[in-house]
Amino acid sequence: MNKQNANHLIEWFHNFGRDLPWRNNPTPYHVWLSEIMLQQTRVEAVKAYYTRFLDTLPDIADLAKCDEDVYLKLWQGLGYYSRVRNLHKGAVKVMDEYGGVIPDNQEDLLKIPGIGQYTSKAILSIAYQKPYVAVDGNLLRVFARLTCYDKDIKTEEAKNACNDFFYPFLGLRPGDFNQALMDLGELVCLPNGQPKCERCPFNNCCKAYKKDKMTSYPIITKKQKKKTIEKTVFVIHYQNQYLIDKRADTGLLASLYEFTNIDQKLDEDEAKAWLIQNGFAIQKIENLHECKHVFTHLIWQMHGYDVELKQLPNKNDLLWVSKEDLENKYSIPSAFSYFLKYLLF
Ligand code: SF4
């Protein structure tokens, strides 16, 4: 690869790059928010969330003073809620320690919750046009094919090699270069199946293309199998009031709301016995479909019951809510979306 190839890439980007809402006005706040949303989430899914989030919280000061329930609600459906919690903590830190200005140096950016190597480099290059390579999965794939990189691409060593390979070509607008590579990875040098090499600005310098070995790269060693947890979920209701619980304030899906559930598969008789033991007087119980939710390292296999009660249990610490509040006020994570949709639609 040489400077001319890099120029071809930028030219290609100006002609064919994606028109994304966060690119219209790439302030540090916009870049930060979009990059955090894009972690683990597809671009198409992020667009509407991004616009809605900014409509409610247009700048960092608004985010810093926002209530937890409000920003969690704005995030509902995106998953990985620690991302928005860290965004909020980060906004508070920027307001308290940096006078509301997101730092333009990596040392300070890395002190902000939720900002790691990649996000700091994305902010610095895209919002401040500083010379950093924002190495993400797209850049790694393009790099691996361009060079026929023959080691596992998921290692620090590979990230460093990718960084060193692209760094000399960043040019005067490093943010454009990074985004051009991201778009090339998304639109042309595709992750699954055959890349569209005939449309690629790098096809005269790509080693994998020359050898017709494009799909042999990148090399990824097999992941460990995910652990499966069997769960029983109870959608408990009494006269249009629905029971939800708040999860613990640390760990998986911290502080979000959920339907009552236990880490065990119960058949109908066992489910009835569990409900009675826990003080619920059953009017009617109905089996719901099974569903599963896949986390990064974990799968929940869920068995649901719709439970209508004869009367409210004699407990004061339960949270009974209306359908309207379930929809608009409380953040129910996507893991329970099947049950939420079952109730609401
Ligand atoms: S020529 Fe093909 S394999 Fe090589 S970088 Fe371009 S799209 Fe990817």
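Which backbone nitrogen does a side-chain oxygen of aspartate 136 reach at the start of H9? In this predicted model, the partner is the backbone nitrogen of asparagine 138, which lies within 3.0 Å of that oxygen. Helix H9 itself spans residues 137–147, and ten of its eleven residues are buried, so the helix is largely enclosed by the rest of the structure. Asn138 is one of the buried residues, and the others are Leu139, Leu140, Arg141, Val142, Phe143, Ala144, Arg145, Leu146 and Thr147. The elements against which the buried residues of H9 pack are three helices: H10 (156–166), H11 (174–187) and H12 (207–210). After H9 comes cysteine 148, with a positive phi near 55 degrees.

The packing around H9 can be followed further from phenylalanine 166. Apart from neighbours within four places in sequence, phenylalanine 166 contacts Leu139, Val142, Phe143 and Leu146, along with Met1, Val133, Phe177 and Leu181. Phe166 also belongs to the largest nonpolar core, which has 97 residues. Within this core, Phe166 is among the five residues that touch the most other members, together with Trp32, Phe53, Trp75 and Phe259. Both domain 1 (3–216) and domain 2 (227–344) supply at least three residues to this core. A second core, separate from the one above, consists of 16 residues, among them Ile236, Leu275, Phe280 and Ile285. In soluble globular proteins, nonpolar side chains tend to be buried together.

Several backbone features occur in loops. Most residues other than glycine have a negative phi, and most peptide bonds are trans. Glutamine 129, in the loop between helix H8 (117–127) and H9, has a positive phi of about 55 degrees although it is not a glycine. The relative accessible area of glutamine 129 is 22%, and this residue is therefore classed as partly exposed, given that buried means under 20%. Glutamine 239 also has a positive phi, near 45 degrees, and is placed in the loop between S1 and strand S2 (241–246). With a relative accessible area of 60%, glutamine 239 is exposed. A cis peptide bond runs from tyrosine 217 to proline 218, its omega being near 0 degrees. Proline 218 is located in the loop that lies between H12 and strand S1 (227–238).

Methods
Residues numbered from 1 in each chain as written. Predicted model: local features only at pLDDT ≥ 70, side-chain atom pairs only at ≥ 80, totals over all residues. Heavy atoms only, no water. Buried < 20%, exposed > 50% of the residue type's maximum accessible area, 1.4 Å probe, protein only. Helix = DSSP H or I, 4+ residues; strand = E, 2+ residues; numbered from the N terminus. Contact = heavy atoms within 4.5 Å. Polar contact = N/O pair within 3.5 Å; in protein donor to acceptor, adjacent residues only side chain to side chain. Core = buried A, V, L, I, M, F, W, Y, C linked by side-chain atoms within 4.5 Å. Domains from an automatic or database assignment.
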